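Student: Hey, I've just opened this one and could use a hand finding my way around. Can we go through it together?

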Amino acid sequence: GAERMRIKTGGNVGIGTTDPSSELTISGSDGRPTIRLAGEKRGSDGNFADIYASNNAQDGEAQISFRRVGANDATEMLFYTSAAGGSMTEQVRIDSAGNVGIGTDNPANKLTITDGATPYTTANVLLQVKRNASNGNDDTSRASLMLANNSNGFNIAYGGTTDRLRFIDGGNNEVVTFKNG
């Protein structure tokens with residue numbers, strides 16, 4: 001006999017609450033609401049649940065897809081975004097092994113970050129940062145990691161005009177270099 005759902009006059013919907021404070025407010029009885037999306041598994045490799053979010057028909061959209069991988073019911077989670085009027089572009093993937101890919105749909109390591117370059121499939125690597133560039137310019141053809149605070153930064157970079165590991169200080173000075181070979 002207890003009220004479980006309410007639609008207020010202004011359109012706000014509450015599930016587990018009689019006073020929804022937003023368009024959809026979900027409140028679990030134990031303080032941890034659960035949302036379950038279930039969908040039909042389409043073929044051996046298809047989406048079975050999608051979540052979409054958009055501002056309006058003219059703006060970009062975001063999507064999270066959950067999809068089945070192969071016949072063993074393993075799942076992947078894919079995050080997409082789009083520019084205004086553009087098609088959806090995959091930005092992040094968490095595969096069935098728990099590998100996370102940013103800029104790749106095939107993460108080869110626990111965390112693979114790339115600007116579109118195909119990741120190396122080297123075993124026993126936890127983090128891979130790869131740039132889609134060949135040697136040529138010290139600034140634009142390097143893959144780098146910056147460690148910084150509000151006043152200065154330090155780069156660890158690979159590549160540039162030659163294959164080398166470089167440590168670059170806050171003044172953009174190469175202070176330590178390990179040449180390949």
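Student: Which side chain does the side chain of threonine 25 join in a polar contact?
Tutor: That of serine 22, at 3.1 Å. A polar contact is a pair of N or O atoms within 3.5 Å; within protein, one must be able to donate a hydrogen and the other to accept it, and residues adjacent in sequence count only if both atoms are side-chain atoms. Keep in mind that this is a predicted model, where local features need pLDDT of at least 70, side-chain atom pairs count only at pLDDT 80 or more, and totals for chains, interfaces and linings use all residues. Residues are numbered from 1 along each chain as its sequence is written, and side-chain values use heavy atoms, with hydrogens and water left out.

Student: What about the backbone nitrogen of serine 21?
Tutor: That nitrogen lies 3.2 Å from a polar atom of the threonine 25 side chain.

Student: Where does threonine 25 sit, and is it buried or exposed?
Tutor: Threonine 25 is in strand S3, residues 24-26 (strands are DSSP runs of E, at least two residues, numbered from the N terminus). Threonine 25 counts as buried because its relative accessibility is 16%; buried means under 20% relative accessible area, exposed over 50%, partly exposed in between, with a 1.4 Å probe and protein chains only.

Student: OK, switching: what does glutamine 128 reach with its side chain?
Tutor: The backbone nitrogen of tyrosine 120, at 2.7 Å. Glutamine 128 is found in strand S10, and it counts as buried because its relative accessibility is 8%.

Student: And which residues is glutamine 128 in contact with?
Tutor: Leaving aside neighbours within four places in sequence, they include Ala108, Leu111, Ile113 and Tyr120. Contact means heavy atoms within 4.5 Å.

Student: How many helices and strands are there in the protein?
Tutor: Zero helices and 14 strands. Buried residues make up 23% of the 181 residues.

Student: What share of the contacts is between residues 24 or more positions apart?
Tutor: Such pairs account for 10% of the contacts with a separation of 6 or more.

Student: Last thing: which elements give two or more residues to the lining of the largest pocket?
Tutor: Strands S10 (127-130), S11 (142-148) and S12 (153-159). Sorted by type, the lining has ten nonpolar, six polar and four charged residues. Here Ala, Val, Leu, Ile, Met, Phe, Trp, Tyr, Cys and Pro count as nonpolar, Asp, Glu, Lys and Arg as charged, and the others, Gly among them, as polar. A pocket is an open set of points on a 1 Å grid over the protein atoms alone, where a 1.4 Å probe fits, with protein on both sides within 12 Å along at least five of seven lines; lining residues have an atom within 4 Å of a point.

Notes: Helix = DSSP H or I, 4+ residues; strand = E, 2+ residues; numbered from the N terminus.
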